Amino acid sequence: MDTYNHYRNCGDINRILDNINTVYKDTLCCCHGKDHALFVVDKVEYILKSLSCDERTVELSKIAAFLHDIGNIGGRWEHARKSVGLAAVFLDNPPHILRSEKETILQAIEDHSKGENITSAIGAALLIADKMHISKQRIHPLEPMDNWHKNLLEVEEVKINISNKNITIDCVTTEAFSKQLLLDEYPKALTIFDKASAYLGCSCQLLFNGN
């Protein structure tokens, strides 16, 4: 995983991720900095390894995950497009990444917000990993929250399990949490889970405390 580690240890990238939540604390209700990036890295690795993807695909997915939100340093508006622009600069530097690999990473980053154009397993895994990060650990502690983000305080963590071509996403809560509330507040994520899972040849289940 030497290529991924190069970007993981890059000082410029880490400074961007460390500063996103501080610079834009008034407009980002959920953290989009390093903690979120590393959460997504961990989950894309798990997803693609569970589906027996080759080592290079897993490595490229981790690079895409680490870079996917760096454009938030320039604000939330069109942050995916901004992330592509910044990521392209870093990917043009050594270590060597094939042009086709760079294009796959950048396309996955560009699509990670809306999930309208999945073209690779990397993009599909990135969508699932990014959208499943909805637990209270992601709430920015300094910001006023709307009702949706207050509701996240009920979610302790979100677990993912892949078995027999089924992706199970389980929201673990400390007290009763309304499934209908999540369906009302964030239906786009549920559509993306289904679409991305299908691209990977899997079915998808969304659970609340195992139900």
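Select Lys49 first. Lysine 49 is partly exposed, at 48% relative accessible area. Lysine 49 belongs to helix 3. Keep in mind that this is a predicted model.

Now add Ile162 to the selection. Between lysine 49 and isoleucine 162 lie 10.0 Å, C-alpha to C-alpha. In sequence, the two are 113 residues apart.

**The helix pair**

Show helix 3, residues 34–50, together with helix 4, residues 55–67. Their axes are 8 Å apart, and the packing angle is about 160 degrees. Helix 3 is therefore roughly antiparallel to helix 4; the cut-off for that term is over 145 degrees. The two helices make a right-handed crossing.

Next, display side chains at the contact. Which residues of helix 3 meet helix 4? From helix 3, pick Ala37, Leu38, Val40, Val41, Val44, Glu45, Leu48 and Lys49. Lys49, the starting point, is thus among them. From helix 4, pick Thr57, Val58, Ser61, Lys62, Ala65 and Phe66.

**The core**

Move to Ile47. Leaving aside neighbours within four places in sequence, isoleucine 47 is in contact with Ala125, Ile128, Ala129, Ile160, Ile162 and Leu200. Ile162 was selected earlier, and here it appears as a contact of isoleucine 47.

Widen the view to the largest nonpolar core, which has 58 residues. Which residues have the most contacts inside it? Colour Ile47, Ile63, Ile128 and Leu200. In soluble globular proteins, nonpolar side chains tend to be buried together.

**The strand loop**

Go to the loop between strand 1 (155–163) and strand 2 (166–173), where asparagine 164 lies. Lysine 165 lies in this loop too, between strand 1 and strand 2.

Check the backbone torsions here. Asparagine 164 has a positive phi of about 55 degrees, though it is not a glycine. Lysine 165, also not a glycine, has a positive phi near 60 degrees. Most residues other than glycine have a negative phi.

Are these residues buried or exposed? Asparagine 164 counts as exposed, at 76% relative accessibility. Lysine 165 counts as partly exposed, at 46%.

**The whole chain**

Zoom out and switch to cartoon. The protein chain has 10 helices and three strands. From the N terminus, the order is α-α-α-α-α-α-α-α-β-β-α-α-β.

Colour by accessibility. Of the 211 residues, 52% are buried. Turn on the surface: the protein chain exposes about 10,000 Å², and carbon and sulfur atoms supply 49% of that.

Finish with a contact map. Take contacts between residues at least 6 apart in sequence: 65% of them join residues at least 24 apart.

Methods. Residues numbered from 1 in each chain as written. Predicted model: local features only at pLDDT ≥ 70, side-chain atom pairs only at ≥ 80, totals over all residues. Heavy atoms only, no water. Helix = DSSP H or I, 4+ residues; strand = E, 2+ residues; numbered from the N terminus. Buried < 20%, exposed > 50% of the residue type's maximum accessible area, 1.4 Å probe, protein only. Contact = heavy atoms within 4.5 Å. Areas by Shrake-Rupley, 256 points an atom, 1.4 Å probe, with all protein chains shown as cover. Core = buried A, V, L, I, M, F, W, Y, C linked by side-chain atoms within 4.5 Å. Axes fitted to C-alpha atoms, helices over the stretch in contact; angles between N-to-C directions. Parallel < 35°, antiparallel > 145°, perpendicular 65-115°, else oblique. Left-handed = near helix turned anticlockwise from the far one by under 90°.
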